[in-house]
Amino acid sequence: MTPAQCPRCGSDGSTADFRGVDDGETVWTIWRCNDCCFSWRDSEPASAIDRKLRAGEFALDISDPGRFPVVLQPSNFQK
Ligand SMILES: [Zn+2]
């Protein structure tokens, strides 16, 4: 399974956290961005998960993580 691009920050680094399975077939996947910790289900409407269609105010530039000390805490997700 190819990691999905994050709808919020555009990172290609994501992890599949959960899969919805029906009759042995995956019907949806919940992804979590490894860079900004955003989570989404790939069956959500394109207006919610397509970076080109989402409202710009929900986009995040993670090049300066110090600007978002509460939102971006990837160390909390390291195993
Ligand atoms: Zn992200």
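This note sets out, in numbered points, the main features of a predicted model of a protein chain.

1. Overall make-up. The protein chain has one helix and three strands as its secondary structure. Read from the N terminus, these elements follow the order β-β-β-α. Of the 79 residues in the protein chain, 13% are buried. Among contacts in the protein chain with a separation of 6 or more, 43% are between residues 24 or more positions apart.

2. The sheet. The three strands form an open sheet in the order E1-E2-E3, and the pairing is antiparallel. E1 and E3, the latter covering residues 39-41, are the edge strands, as each of them pairs on one side only. On average, neighbouring strands of this sheet are turned by 20° against each other, with direction ignored.

3. Pairing of E1 and E2. Strand E1 spans residues 14-22 and strand E2 spans residues 25-33; eight bridges hold the antiparallel pair. Several facing residues can be followed along this pair. Thr15 lies opposite Arg32 of E2, Phe18 lies opposite Ile30 of E2, and Asp22 lies opposite Glu25 of E2.

4. The turn between E1 and E2. These two strands make a hairpin with two residues between them, and Asp23 belongs to the turn. Which sign does the phi of Asp23 have? The value is positive, about 55°, although Asp23 is not a glycine. As general background, most residues other than glycine have a negative phi. Asp23 is placed in the loop between E1 and E2. Asp23 counts as exposed because it has 5 C-beta neighbours inside 10 Å, and a residue with 12 or fewer falls in that class.

5. Pairing of E2 and E3. E2 and E3 run antiparallel and are joined by three bridges. Arg32 has Ser39 as its bridge partner in E3. Arg32 also stands opposite Thr15, so the reader can trace a path through Arg32 from E1 to E3.

6. The loop between E2 and E3. The hairpin of E2 and E3 has five residues between the strands. Cys37 lies in this loop. Its phi is near 70°, which is a positive value in a residue other than glycine. Is Cys37 buried, exposed or partly exposed? Cys37 counts as partly exposed because it has 17 C-beta neighbours inside 10 Å.

7. Ile30 in E2. Ile30 is located in strand E2. Ile30 is classed as partly exposed because 16 C-beta neighbours lie inside 10 Å, whereas a buried residue needs 20 or more. Leaving aside neighbours within four places in sequence, Ile30 is in contact with Asp17, Phe18, Ser39 and Arg41. One of these contacts, Phe18, is also the residue that stands opposite Ile30 across the E1 and E2 pair. Ile30 and Trp40 are 10 residues apart in sequence, and their C-alpha atoms are 5.5 Å apart in space.

8. Cys6 before the sheet. Cys6 is found in the segment before E1. Why does Cys6 count as buried? The reason is that 26 other C-beta atoms lie within 10 Å of Cys6, and 20 or more are needed for that class. Leaving aside neighbours within four places in sequence, Cys6 is in contact with Ser11, Ser14, Cys33, Asp35, Cys36 and Phe38. With Cys36 the sequence separation is 30 residues, and the distance in space is 8.5 Å from C-alpha to C-alpha.

9. Pro65 after the helix. Helix H1 covers residues 46-49, and Pro65 belongs to the segment after H1. Pro65 is partly exposed, because 15 other C-beta atoms lie within 10 Å. How many residues separate Pro65 and Asp35 in sequence? The two are 30 residues apart in sequence, and the C-alpha to C-alpha distance in space is 9.5 Å. Asp35 is also one of the residues in contact with Cys6.

Technical notes
Residues are numbered from 1 along each chain as its sequence is written. This is a predicted model: local features need pLDDT of at least 70, side-chain atom pairs count only at pLDDT 80 or more; totals for chains, interfaces and linings use all residues. Helices (H or I, at least four residues) and strands (E, at least two) are DSSP runs, numbered from the N terminus. Axes are lines fitted to C-alpha atoms, for helices over the stretch in contact, and angles run from 0 to 180 degrees between N-to-C directions. Two residues are in contact if their C-beta atoms, placed from the backbone, lie within 7 Å.
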